[in-house]
Amino acid sequence: MKNKIILVLCLSMCMVTAHAQPIKIYAAASLTNAIGDIAKRYEAKYPTVKITPVFGSSSMLAKQIERGAEGDIFFSADQDWMNYLIQKNLADQSSVEPLVANQLVLISPKNSQVKFKPQASFNFSKSFKGYLCTGQMESVPVGKYAKQSLAALNWLDSLKGRIVGTDDVRSALAFVERGECQVGIVYKTDALISQKVKIVGTFPENSHKPIVYPIAVTTKGQNNPDAIQFEKFVKEDPQAKAIFEHYGFSVKPHN
């Protein structure tokens, strides 16, 4: 009888292992630390599950999914790129939920003396020398938000030829860390993880669209029960919420 029980337990464990599907989450670069920690916490809780995060700009990730990349979950830094996948029937609209929010800040190297006043009368172009780094303004979410704020403050035209557009927000952060750009426009959460830059100021929330990150299961991910379960964990688990808040995100109330 004892041997039969052991055999049943072994078979059950093998079945769980066999049915655990790998999970690939495509997430905005600014989520790197938070999603990395959440994935580790989840894998510790469910040892048979393997999570592979892929980080980059939301625009690049959405295009990769469109070209057939094996993403189960998409976690975007803006609603536009989520809508893009929904329109292509590549994301499950019923699972889309705005999960966390962020702020847009101006950064500079820690030893710099850059001044900043978020008002149109402030001569921003003369407050620093050299270049300003942010995401590519026509596609990368942080760059799109930056363009909106600079335009709203009537600063955009005076910065022609001085803006460096990067592939994602972490690249913009790295440029400022190395001193290749005197200032950068990034998310608050990215500035907080760096020991080499400081936040000079925060752009007014009414100068850009709300910085909200929607998450959804992709059409492919709908066939992966483990991906659906992990997405639920990211949305609902108190541990996940605590990790997001640790990195400076504000968590939207769960529907």
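**Entry 1: Asn83**

I began with Asn83 and found its place in helix α4, which covers residues 79–87. I noted at the outset that this is a predicted model. I then looked up how far Asn83 is open to the surroundings. Its relative accessibility is 28%, so Asn83 counts as partly exposed. I also looked up its separation from Ala101. The two residues are 18 apart in sequence, and their C-alpha atoms are 17 Å apart in space.

**Entry 2: The chain as a whole**

I next turned to the whole chain. I recorded 9 helices and 11 strands. Taken along the principal axes, the C-alpha atoms fill a box of roughly 80 × 40 × 30 Å. Of the 255 residues in the chain, 49% are buried. I also looked up how contacts are spread along the sequence. Among contacts between residues at least 6 apart in sequence, 77% join residues at least 24 apart.

**Entry 3: The disulfide**

How many disulfides does a search of the whole structure find? I recorded 1 disulfide. Cys133 and Cys181 form this link, and their sulfur atoms are 1.9 Å apart. I noted 40° about the S-S bond, and the link of Cys133 and Cys181 is right-handed. Which parts of the chain does the pair tie together? Cys133 lies in strand β6 (residues 132–135), whereas Cys181 lies in the loop between α6 (169–177) and β8 (183–187), so the link joins parts that are 48 residues apart in sequence.

Are the two cysteines buried or exposed? The cut-off I needed is that buried means under 20% relative accessible area. Cys133 has 0% relative accessibility and therefore counts as buried. Cys181 has a relative accessible area of 1%, so Cys181 is buried as well.

**Entry 4: Helices α2 and α9**

I then examined how helix α2 (residues 32–45) packs with helix α9 (residues 238–246). Their axes are 9 Å apart, and the angle is about 155°. Why are α2 and α9 described as roughly antiparallel? Angles over 145 degrees count as roughly antiparallel, and the angle of about 155° therefore places α2 and α9 in that class. The crossing of α2 and α9 is right-handed.

I listed the residues that make the contact. From α2 they are Ala34, Ile35, Asp37, Ile38 and Arg41, and from α9 they are Gln239, Ala240, Ile243 and Phe244. I sorted the residues of this contact of α2 with α9 by class and recorded 6 nonpolar, 1 polar and 2 charged.

**Entry 5: Helices α8 and α9**

I looked up a second packing that involves α9. Helix α8 (residues 225–236) packs with α9 at an angle of about 60°, and their axes are 6 Å apart. This angle makes α8 oblique to α9. In α8, the residues Phe233, Val234 and Glu236 meet Pro238, Gln239, Ala240 and Phe244 in α9. By class, the contact of α8 with α9 has 5 nonpolar, 1 polar and 1 charged residues.

I compared the residue lists of Entries 4 and 5. Gln239, Ala240 and Phe244 of α9 appear in the contact with α2 and also in the contact with α8.

**Entry 6: Two asparagines with positive phi**

I looked up Asn89 and Asn154 for their backbone angles. Asn89 has a positive phi of about 60°, although Asn89 is not a glycine. Asn89 is found in the loop between α4 and β4 (97–101). Its relative accessibility is 59%, so Asn89 counts as exposed.

Asn154 likewise has a positive phi of about 60° and is not a glycine. Where is Asn154 placed? I found Asn154 in the loop between α5 (141–152) and β7 (163–166). Asn154 is exposed, with a relative accessible area of 61%.

**Entry 7: Ser30**

I closed with Ser30, which is placed in the loop between β1 (23–28) and α2. Is Ser30 buried or exposed? Ser30 has a relative accessible area of 4% and is therefore buried. Ser30 and Phe55 are 25 residues apart in sequence, and their C-alpha atoms are 8.3 Å apart in space.

I then looked up the contacts of Ser30, leaving aside its neighbours within four places in sequence. Ser30 is in contact with Val169, Arg170, Tyr187, Thr189, Asp190, Tyr213 and Phe249.

Conventions. Residues numbered from 1 in each chain as written. Predicted model: local features only at pLDDT ≥ 70, side-chain atom pairs only at ≥ 80, totals over all residues. Heavy atoms only, no water. Disulfide = S-S within 2.5 Å. Helix = DSSP H or I, 4+ residues; strand = E, 2+ residues; numbered from the N terminus. Buried < 20%, exposed > 50% of the residue type's maximum accessible area, 1.4 Å probe, protein only. Axes fitted to C-alpha atoms, helices over the stretch in contact; angles between N-to-C directions. Parallel < 35°, antiparallel > 145°, perpendicular 65-115°, else oblique. Left-handed = near helix turned anticlockwise from the far one by under 90°. Contact = heavy atoms within 4.5 Å. Nonpolar A, V, L, I, M, F, W, Y, C, P; charged D, E, K, R; others polar.
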